[in-house]
Amino acid sequence: GDYYLSGCGGLDEGECVACDVCADGEYETRACKGSQRRLCGPCTDLEACDEGMYRAGCGQAGAQGSCQPCPSCPEAKYRVSCGGLSEGTCADCPTSQCGVGEYLAGCEGDQPGQCEACASYPQGFYNKGCGGVSPGAKTPCQACSAGQWLSGCEGQEPGVCRPVSQALASEYTAKAEAWNKDRVNLPCSSLDDCGAGSYRPCGNGTRGMCSECKGCDSGSYREGCGGVSEGTCAPCGHCDQGQVRVECGGDEYPFS
């Protein structure tokens, strides 16, 4: 190790003494040489480094060290307590403080960031992956297979493909399906009545037009025509002995 000459003077030649060693957290303020012992001072007495920097290496073998930039942290972490003689540590970005539909923006360097709303996009797109420290990305809504429509593609949701609603025997299609809307089927009974002697062939998705009740063959008459039913042909009734039936046909079923 290093030595210095102590007690040399007058009639005393002195003696060589081992130099003091600076303790952890100290740096050399005066070198150990000749008849001078080493002097040390606390690293905290040194001039502070600029913001965003810390003093690295002070106290290592008496060195003063030097100002260095605070180290960067990996994604989703930021640096805390960097300054003075400490490089600080990496802490997780506080994403839990953000609510649904938000993400943590600006969590980097020594900043914890702040919650911001996920971006909204026009119809046909949704925000994929927004949350945590990610703002997400504008993403087109998926295309569904034939016979399906896409439900709920908006905000941060990609939506779900659902089967198109099929009209019942008593329903007509009021509005056709779109890529993002189901087919609208309504009851035939909601349509205007066609009036006496007419019916509407409505059902299974077809609206139908008002049509006249059809005639029947000789010896038959139409029964039950009206509303959405064309009715059926029924045979004219049999008369008792000595009677004849007149004017039976079409939609008439007269007495004789």
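**Note on an all-strand model with an extended chain**

1. Ala 76 sits in the loop between E6 and strand E7 (77-80). This is a predicted model. Phi of Ala 76 is near 70 degrees, a positive value in a residue other than glycine. Most residues other than glycine have a negative phi. The backbone here therefore deserves a look in the viewer, given that general tendency. On the surface side, Ala 76 counts as partly exposed because its relative accessibility is 34%, between the 20% and 50% cut-offs.

2. Glu 75 shares the loop setting: it lies between E6 and E7. Is Glu 75 buried or exposed? Glu 75 is exposed, because its relative accessible area of 72% is over the 50% cut-off. From Glu 75 to Gln 97 the chain runs 22 residues. Their C-alpha atoms are separated by 18 Å.

3. Ala 61 is another alanine with positive phi, near 55 degrees. Ala 61 belongs to the loop between strand E5 (53-56) and strand E6 (66-69). Its relative accessible area is 87%, so Ala 61 is exposed. Glycine is not involved in either case: Ala 61 and Ala 76 are both residues other than glycine.

4. Now the whole chain. How many helices and strands does the protein chain have? The count is 0 helices and 20 strands. The radius of gyration is 47 Å, whereas the globule rule gives 18 Å for 256 residues. The value is well over the rule, so the chain is more spread out than a compact globule. The box tells its own story: along the principal axes, the C-alpha atoms fill roughly 175 × 25 × 25 Å.

5. Burial and contacts come next. Buried residues make up 23% of the 256 residues. Among contacts with a separation of 6 or more, 28% join residues 24 or more positions apart. The accessible surface of the protein chain comes to about 16,500 Å². Carbon and sulfur atoms hold 48% of that surface.

6. On charge, the protein chain carries 18 positive and 34 negative charges. The mean positions of these two sets are 5 Å apart.

7. Where does the domain assignment place its domains? Domain 1 covers 3-92 and domain 2 covers 164-249. The C-alpha centres of domain 1 and domain 2 lie 102 Å apart.

8. Asp 24 gives a residue-level view of distance along the chain. Asp 24 and Tyr 221 are 197 residues apart along the chain, and their C-alpha atoms are separated by 116 Å. Asp 24 itself is in the loop between strand E2 (15-18) and strand E3 (26-30). With a relative accessible area of 77%, over the 50% cut-off, Asp 24 is exposed.

9. Lys 181 is placed in the loop between strand E15 (171-175) and strand E16 (184-187). Which residues does Lys 181 contact, leaving aside its neighbours within four places in sequence? The partners are Gln 123 and Trp 149. Lys 181 counts as partly exposed because its relative accessibility is 45%, between the 20% and 50% cut-offs. From Lys 181 to Arg 222 there are 41 residues in sequence and 42 Å in space, C-alpha to C-alpha.

10. Ala 234 lies in strand E20 (residues 232-235). Why does Ala 234 count as buried? Its relative accessibility is 11%, and buried means under 20%. Leaving aside neighbours within four places in sequence, Ala 234 is in contact with Gly 219, Ser 220, Tyr 221 and Glu 223. Gly 208 is 26 residues away from Ala 234 along the chain, and the C-alpha atoms are separated by 24 Å.

11. To recap for the reviewer: the model has 20 strands and 0 helices. The chain is more spread out than a compact globule. Ala 61 and Ala 76 are the places to check for positive phi. Ala 234 is buried, whereas Glu 75 and Asp 24 are exposed.

Note on methods: Residues numbered from 1 in each chain as written. Predicted model: local features only at pLDDT ≥ 70, side-chain atom pairs only at ≥ 80, totals over all residues. Heavy atoms only, no water. Helix = DSSP H or I, 4+ residues; strand = E, 2+ residues; numbered from the N terminus. Rg over C-alpha atoms; globule rule 2.2 N^0.38 Å. Buried < 20%, exposed > 50% of the residue type's maximum accessible area, 1.4 Å probe, protein only. Contact = heavy atoms within 4.5 Å. Areas by Shrake-Rupley, 256 points an atom, 1.4 Å probe, with all protein chains shown as cover. Lys, Arg positive; Asp, Glu negative; His and termini not counted. Charge placed at Lys NZ, Arg CZ, Asp CG, Glu CD. Domains from an automatic or database assignment.
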